Amino acid sequence: MRQSEQNTPLYTHYAGPALLETPLLNKGSAFSREERAAFNLTGLLPPRYETIEEQAARAYMQYSSFEEPINKHIYLRVVQDNNETLFHRLLQNHLEEMLPIIYTPTVGDACERFSDIYRSARGLFISYSDRDQLDDVLRSATKKKVKVIVVTDGERVLGLGDQGIGGMGISIGKLSLYTACGGISPAYTLPVCLDVGTNNEKLLNDPYYMGNRHRRISGDDYYEFVDQFIKAVKRRWPEAMVQFEDFAQPNAMPLLKRYRDQICCFNDDIQGTAAVTVGTLLAACRSKGEKLSNQKVVFVGAGSAGCGIAEQVISQMVSEGLTDAQARSQVFMVDRFGLLTEGMADLRDFQQVLVQHKNSIADWSFSGDYASLRDVMNCAKPDILIGVSGVAGLFTEAVIKAMKKNCKLPIIMPLSNPIKQIEARPEKIIEWTDGQVIIATGSPFKPIEYKGKTYPVAQCNNSYIFPGIGLGVLAVKAQRISDDMLRVASETLAAASPLANTGEGGILPPLTQLAELSKKIAFEVAKVAMRQGYALELDDAALLRKIDANFWKPEYRHYKRVSG
Ligand SMILES: O=C([O-])CC(=O)C(=O)O
Ligand SMILES: [Mg+2]
C-alpha cells in the first residue's frame, strides 16, 4: 500500500528566520530540539517544546478573546499566514464554530473590508497591466505543484456585488475549505484575484483601497486577458484544476462555455450551487416520499446561478421520465420585471430557454405586464421556492403565505449569501408556515425553536460539493469536469441525507461530516471521470487508497536539512 507522503520526512533547505516565516513549513514552538539545532533556530523561539495540540489550545484561547466575527476572522487569517498546519488543526478541532468565520457569512465582511484589514501577502493578484508578463507573475508563486486554483475577478462577490480585489477573500476562503473538508494539501492550492479594475465608486474613492484604481476592463480586452491567464496557468501547472468563483453574470457563463472543454475547470456559482441545490431537493423530495419530477419549482433570480440550477433541475426531471418540454413547463423563473415570459425584451440566451409560454399561463389572472412573484404563487401553485436573487426580503410574508395556501409542505430555500442578502430569514418562514415547511439556506443558521419544536436549517451551500470534486479530480488526475461528474456529486449528497434516510434530523448531513462526505463524493466523481475517459483507470480498492493517501492531515512532519 502506498504510504501517505505525510509519514515521510520533509527535506528543506530553508532555515533560521526564513523557515519561521514560511507558513507552509513553520512549526513555531513545535520544532524539536534536534530540528532547532539543525535549522539554526536555537534561541529564536521560546525554550519550551510544544505539541500541536498545546499550540492549538493557546490559539483557541486567543481566538476566543475576540467578540466580533470579523476580528475572529482576522485572527485566524493571521494564524494561517504564520503557520498553515496549526491553522488547519485549529479548524479541524472547532470546525462547526469556525466555518462561518473563515467562510460564509463572515468572509463577506472580509471581502468588503479587504484593504482595511489587510495584514500580509497571500495568493496571486494578477493585474490587467501585467498582462504581458503573466509567465513571470506565475513564476512568483513559489509553489511548484499547484493543483487547485480558485480564481475570481471580484465582480459579484457572494450577493455583495463588485468588491474589486476584495474578491481575494473569497478565493482564500474557498481554498481553506478545500483543505479542511476536502483534504487538499495547502501546498497545492493557490488563490487568485484578477484585478481588472472596479466599478465600485466607494472603493475607487477609498484611500485605503489596494487595487488598481480604474474602471473595469470589459469586452474583448477582458476576455483576452482571462485567456492570457488561462494559457499561462496551462504552461506553468498543466494539471491544475481551476474553479471560477464569483464572476458577474454576463461573464460567468461565457467563460465557463469557453473553457469547460479545454481545461479541468468548473464554475462554482453555476455548477457547484446547482449540484448542491439538486442534491438538497432530491433529499427533500425523498423525505416527502415524492419525486422532483412531480414538483413545480419557482426561482427568484434568473441570473447565471438561478438559470444554471434550473437547467440542472430540468435535467434531473428528464432523467426521472419527463420530456424536456414537460420539465420546462414546471419551472418558473421570476426576475426583477416578473415571470420570464415568451416575448419579454432583453433576455439572455440562457434565460430565453426558460421562459413560460403564453398559452401555458393563458388562464392566469394578474394585473401588470408580467406576473409578479405573488401572482406566480397564486397561479402556478408551486411546491418549491428557491431564492438566488441577492436581494434581501423578497420572500415576504404575503408571498410565503400565498405559497403555503396551495401546498401542505413547501420546500423553501432562500440561498442568497451572506445573511444580510437573504430573501427571508428561516425563523420568519417557519412562523409564516406554522412550522409546516422544509427549509434550506445558503448561509449557516442555528436550529430554530418554534412552539416547542426544534427545526434544523440545512445549509445548502456549494461547500458540500467542491471539496469532494477537487479530491476526486486530484486522485485520478481528471482532465475535465463533466455534467455527469456534478450530477453524481448531487446524488451522493442526497444519499447521505439524514432526513430522507431516517425520517429525522436535517435534510443534509451536518457540515462537520464534510470530510467523510467529500471522500464519498470524490470516489463517485472519480469513477465517472474514468468511465468517461477523462482520467487514469484504477480499480475501486486502488481508488480508495489514492483518495485516502491524497487526504492531507494537519500534522507536523519531521524535517531534514538539505543544502539549498
Ligand atoms: O460562497 C458561498 O457561500 C456560496 C457561493 O459561492 C456564493 O454565494 O457565491
Ligand atoms: Mg460564489
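## Around ligand 1

A residue is near a molecule if its C-beta atom, placed from the backbone, lies within 6 Å of it. With that in mind, let's look at this predicted model. Which residues surround ligand 1? They are Thr-104, Leu-158, Asp-246, Asp-268, Asp-269, Asn-417, Gly-442, Asn-461 and Asn-462.

You can also sort this shell by character: 1 residue is nonpolar, 5 are polar and 3 are charged.

## The chain as a whole

Now step back to the full chain. DSSP runs give it 24 helices and 16 strands. Its C-alpha trace spans about 85 × 55 × 50 Å along the principal axes.

How does the radius of gyration of the chain fit with a compact globule? For 564 residues, such a globule would have a radius of gyration near 24 Å, and the chain has 24 Å, so the two agree.

Two further figures help you picture the fold. Of the 564 residues, 50% count as buried. Among contacts with a separation of 6 or more, 72% are between residues 24 or more positions apart in the chain.

## A closer look at helix 17

Helix 17 covers residues 373-380. Which of its residues are buried? Leu-373, Asp-375, Val-376, Met-377 and Ala-380 are.

What covers these buried residues? The cover includes three strands, namely strand 7 (297-300), strand 8 (331-335) and strand 9 (338-339), together with helix 18 (397-405).

Finally, follow the backbone just past the end of helix 17: there you meet Lys-381, with a positive phi of about 50°.

Note on methods
Residues are numbered from 1 along each chain as its sequence is written. Chains are lettered from A and ligands numbered from 1 in the order in which they are written. This is a predicted model: local features need pLDDT of at least 70, side-chain atom pairs count only at pLDDT 80 or more; totals for chains, interfaces and linings use all residues. A residue is buried if 20 or more other C-beta atoms lie within 10 Å of its own, exposed if 12 or fewer, and partly exposed in between; C-beta atoms are placed from the backbone. Helices (H or I, at least four residues) and strands (E, at least two) are DSSP runs, numbered from the N terminus. Two residues are in contact if their C-beta atoms, placed from the backbone, lie within 7 Å. The radius of gyration is taken over C-alpha atoms; the globule rule is 2.2 Å times the number of residues to the power 0.38. Ala, Val, Leu, Ile, Met, Phe, Trp, Tyr, Cys and Pro count as nonpolar, Asp, Glu, Lys and Arg as charged, and the others, Gly among them, as polar.
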